[in-house]
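Got the viewer open? Let's walk through a few helices together, one selection at a time.

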Amino acid sequence: MLRDVTAIRYVTPLREGGSLPGVVEADDLGTYVVKFRGAGQGPRALVAEVIAGELARRLGLPMPELARVELDPVVARAEPDEEVQELIKASAGGNLGMDFLPGALGFDPVAHPVDEGLASRIVAFDAFVENVDRSWRNPNLLIWHGDLWLIDHGATLYFHHNWPRAENVVHRPYQWDDHVLKPYAKQLGQEGPALAARITPDLLREVIDLVPEEWLEDGDREAYLSHLSRRAEQPEAWLP
């Protein structure tokens, strides 16, 4: 399972995202950007964060560490915003934390050129997890200490919002016209199949098993494994 930490102080909300994540200090002396289970997207967004984020890490892509953050709503008692108070009250228990990167800058595709190989691997990864949220309008990429970092994968795996129809979209093509790294992904023909070949059922089971049980329904683990394993078998269907 993910490493467990306990929130000891709610620092500030981050209002850039629709789910209203917040910066939280934890008992391991770390600081995390926390996505709350009580947000509108619900626990499925947290499941997507874990599966996609941990898969990215195992594929060698730059991804901040994730943790399960135990939250007692009392940590936000000094927060004056009623919307935040209600969100945290609805999120008691386990939530998803991503290691906070202090001083990180938002990615600018003009100001921050990206290595062609890395850009191609990120595009291939996004194609597999069907990431609809890596556009030039909202890159969900950060620059930290001069390096590129991936964040925010709650919008991936969107087949799981309609399990009855998931069977019909296993091999759905990826629409990458708006992908922010498209201009740099000039090695996709080589890097895409090489990355796809590394996505094995064993690797997928490893990352799916990291999802806390409380965020899943009965049968979900096997359903994710079946869907993603079958998708991985036919990369020619989804690679741009």
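Start by selecting helix 1 (residues 43–58) and helix 7 (residues 220–233): in this predicted model, their axes come within 13 Å and cross at roughly 50 degrees. That makes the two helices oblique to each other, since an angle counts as oblique if it is neither under 35, over 145, nor 65 to 115 degrees. The crossing of helix 1 and helix 7 is right-handed. Now show side chains: on helix 1 pick Arg-44, Val-47 and Ile-51, which meet Asp-220, Tyr-224 and Leu-228 of helix 7. Color them by type and you get four nonpolar, no polar and two charged residues in this contact.

Keep helix 1 on screen and swap helix 7 for helix 3. Here the axes come within 11 Å, crossing at roughly 150 degrees. With anything over 145 degrees counted as roughly antiparallel, helix 1 and helix 3 therefore get that label. This crossing, of helix 1 and helix 3, is right-handed. To see the contact, select Ala-52, Leu-55 and Ala-56 on helix 1, plus Phe-125, Phe-128 and Val-129 on helix 3. The residues there split into six nonpolar, no polar and no charged.

Next stop: helix 5 (residues 188–197). Highlight its buried residues, Leu-188, Glu-191, Gly-192, Leu-195 and Ala-196. Look down the axis: they sit on the same side of helix 5, because they cover an arc of only 130 degrees. What do they pack against? Bring up helix 3 (116–129) and helix 8 (235–238), and you have both partners. Finally, flip to the face of helix 5 turned away from its buried side, where you'll find the exposed Gly-189, Gln-190 and Ala-197.

Conventions. Residues are numbered from 1 along each chain as its sequence is written. This is a predicted model: local features need pLDDT of at least 70, side-chain atom pairs count only at pLDDT 80 or more; totals for chains, interfaces and linings use all residues. Side-chain values use heavy atoms; hydrogens and water are left out. Buried means under 20% relative accessible area, exposed over 50%, partly exposed in between (1.4 Å probe, protein chains only). Helices (H or I, at least four residues) and strands (E, at least two) are DSSP runs, numbered from the N terminus. The arc is that of the directions from the helix axis to the C-beta atoms. Contact means heavy atoms within 4.5 Å. Axes are lines fitted to C-alpha atoms, for helices over the stretch in contact, and angles run from 0 to 180 degrees between N-to-C directions. A crossing is left-handed if the near helix is turned anticlockwise from the far one by less than a right angle, and right-handed if clockwise. Ala, Val, Leu, Ile, Met, Phe, Trp, Tyr, Cys and Pro count as nonpolar, Asp, Glu, Lys and Arg as charged, and the others, Gly among them, as polar.
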